[in-house]
Amino acid sequence: GIRAPRPSGAPLRLLYFGFVWRGRNIETCVHALHAVHAAGVPATLTIAGGIRGDEYRREIVELAASLGVADAVTFTGDLPMPELSQIIADADIALLPFASGVSTGRSTFVVALAHGLPVVTMGSPDNLVDEFVPGENLLCVSPDDADGFVRETVRMATDAALRARVAGNTPALAAYFSWDKIARTVAALPSYAAL
């Protein structure tokens with residue numbers, strides 16, 4: 001999708017996308033939204049993706065209500081790819097609190113990068129590659145640091161220059177995941193070069 005124009009002063013758009021079920025740390029995104037509001041930044045949180053746990057969804061709604069941000073949280077449910085792509089393109093920050101850490105195998109992370117979104121995520125040292133540069137092409141905390149995730153979300157939300165820098169560096173990181181690059185890398189392996 002191509003980012004739709006927005007009026008000046010429109011709320012910041014936070015986005016979680018992926019399946020909605022327990023263990024996805026979506027409650028951490030709701031706490032982050034609340035903290036962004038507390039920092040004086042109007043914001044919304046779109047939770048885009050198929051709902052695979054309706055009880056968990058209800059808990060998220062109740063949490064949002066208890067924090068006073070229920071009106072700023074929406075669930076899209078399953079969407080066709082063009083509609084999902086447009087929602088991603090229109091977002092300002094992707095919130096991807098992976099319980100087991102971001103890695104090169106996380107398709108939602110790659111999609112966020114491909115759409116030029118700055119990402120706040122969680123990462124385990126075992127899953128991080130040299131191309132992931134916290135503060136430059138993503139913001140990242142340990143998977144067991146929900147409070148840190150909230151703080152990094154507030155930092156990204158309140159610092160337009162940081163958001164722009166991280167977003168500006170996502171195309172190069174997205175290129176790391178391109179099929180052309182992967183195919184060239186595999187073709188250059190000695191076992192393939194001998195074929």
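Two strands count as paired if DSSP finds at least two bridges between them. Helices and strands here are DSSP runs numbered from the N terminus, with at least four residues (H or I) for a helix and at least two (E) for a strand. Keep both in mind as you start the tour.

Before you click, note that this is a predicted model, in which local features need pLDDT of at least 70, side-chain atom pairs count only at pLDDT 80 or more, and totals for chains, interfaces and linings use all residues. Residues are numbered from 1 along each chain as its sequence is written, and side-chain values use heavy atoms, leaving out hydrogens and water.

**Stop 1: strand S4.** Select residues 93-96, which form S4. Ile-93 and Leu-95 point one way, while Ala-94 and Leu-96 point the other way. Are these residues buried or exposed? All are buried, meaning under 20% relative accessible area (over 50% is exposed, in between is partly exposed; 1.4 Å probe, protein chains only).

**Stop 2: the neighbours of S4.** Add residues 12-17, strand S1, which runs parallel to S4 and is joined to it by 2 bridges. Here Leu-15 stands opposite Ala-94. Now add residues 119-122, strand S5: 3 bridges join S4 to S5, again in parallel. Look for Thr-121 as the bridge partner of Leu-96, and Val-120 as that of Leu-95.

**Stop 3: the whole sheet.** Zoom out to an open sheet of 6 strands in the order S3-S2-S1-S4-S5-S6, with parallel pairing. Which strands are at the edges? They are S3 (73-77) and S6 (139-141), each pairing on one side only. Neighbouring strands are turned by 20° against each other on average, direction ignored; axes are lines fitted to C-alpha atoms, for helices over the stretch in contact, and angles run from 0 to 180 degrees between N-to-C directions.

**Stop 4: two helices.** Select residues 26-38, helix H1, which packs on the sheet and touches S1, S2 (43-48), S3, S4 and S5; contact means heavy atoms within 4.5 Å. The direction of H1 makes about 165° with that of S2. Next select H4, residues 107-114, which makes a right-handed β-α-β unit with S4 and S5. Right-handed means that, with the strands pointing away from the viewer, the path from the first strand over the helix to the second runs clockwise. H4 lies across S1, S4 and S5, at about 170° to S4.

**Stop 5: the cysteines.** With a disulfide defined as a pair of cysteine sulfur atoms within 2.5 Å, the count is 0. Select Cys-29: its nearest cysteine sulfur, that of Cys-140, is 14 Å away.
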